[in-house]
Amino acid sequence: MQEWPEPVERVAEVLRARGVDSRLEEFADGTPTAAAAAVAVGCEAGQIVKSLVFICDGRPVLALLPGDRRADPVKVAAAAGARYARVAAHHEVRSATGFEPGAVAPFPTVDATKVLLERELLRHPLVWAGAGSTNHMVGLSPLDIARVTRAEVTDLSEA
């Protein structure tokens, strides 16, 4: 069995426990941006899942968007049932997810009160998400992401 760094192992454990058919891979050159991740994986930027933390009325919310889209804070706030949403600071990202900024996986989260998934991700049979480090990604069905995270599927992207 492959030995992963601790944050990546947390992701792998969720995949195993939930019986998710997935591909967890390491990329030596890293995947610091959605564009770099798409090149490394060999897919379109829209198949990369950006895991973004927003603070909505003081509570952390995880927003999952395609790599070729930008989040609309007004839509994030509305979907979270909040008056406002702002991008989380680095320390808030770590506190909410247990992952370093730039290495956030969609699961497991530590303290995110809600997970929102941009409906455009469902257009793809396979998407690639961060897996706990800037060098690891996991390929899986967006339906599995929604199931494992109990995400609310909604419209989060800027027009």
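Which residues make a nonpolar surface patch of about 240 Å²? In this predicted model, the patch is formed by Leu122, Leu143 and Val153. Val153 belongs to strand E8, which spans residues 152-154. With a relative accessible area of 32%, Val153 is partly exposed. Because residues enter a patch when their relative accessible area is over 30% and they have no salt bridge, the 32% of Val153 satisfies the area requirement.

From this surface patch the description turns to strand E7, residues 136-140. Five of the five residues in E7 are buried, so the strand is largely enclosed by the rest of the structure. The cover extends to both faces of E7. On one side, His136, Val138 and Leu140 are buried, and on the other side Met137 and Gly139 are buried as well.

The pairing of E7 with other strands comes next. Strand E1, residues 23-26, runs antiparallel to E7 and is joined to it by four bridges. Strand E6, residues 127-130, also pairs with E7 in the antiparallel sense, over four bridges. Gly139 of E7 serves as bridge partner to Arg23 and is likewise the bridge partner of Trp128. E6 and E7 form a hairpin with five residues between the strands, and Gly132 in this hairpin adopts a positive phi near 105°.

Arg23 leads on to the charged side chains. The structure contains 13 salt bridges, and one of them links the side chains of Arg23 and Glu25 at 2.4 Å, N to O. Arg23 is partly exposed, with a relative accessible area of 46%. Glu25 also counts as partly exposed, at 22% relative accessibility.

A further salt bridge brings together the side chains of Glu92 and Arg86, at 2.7 Å from N to O. Here Glu92 is buried, since its relative accessible area is 18% and the term applies under 20%. Its partner Arg86 is partly exposed, with a relative accessible area of 36%.

The side chains of Arg123 and Glu120 meet in another salt bridge, at 2.8 Å from N to O. Arg123 is exposed, because its relative accessible area is 59% and exposed residues are those over 50%. Glu120, by contrast, is partly exposed, with a relative accessible area of 22%.

Finally, salt bridges can also be followed as a network: Glu9, Glu13 and Arg16 are linked in this way.

How values were computed: Residues are numbered from 1 along each chain as its sequence is written. This is a predicted model: local features need pLDDT of at least 70, side-chain atom pairs count only at pLDDT 80 or more; totals for chains, interfaces and linings use all residues. Side-chain values use heavy atoms; hydrogens and water are left out. Patches are made of residues with over 30% relative accessible area and no salt bridge: like charges are joined within 9 Å, nonpolar side chains (Val, Leu, Ile, Met, Phe, Trp, Tyr) within 5 Å. Accessible areas come from the Shrake-Rupley method with a 1.4 Å probe; for residues, only the protein chains shown count as cover. A salt bridge is a side-chain nitrogen of Lys or Arg within 4 Å of a carboxyl oxygen of Asp or Glu. Helices (H or I, at least four residues) and strands (E, at least two) are DSSP runs, numbered from the N terminus. Buried means under 20% relative accessible area, exposed over 50%, partly exposed in between (1.4 Å probe, protein chains only). Two strands pair if DSSP finds at least two bridges between them.
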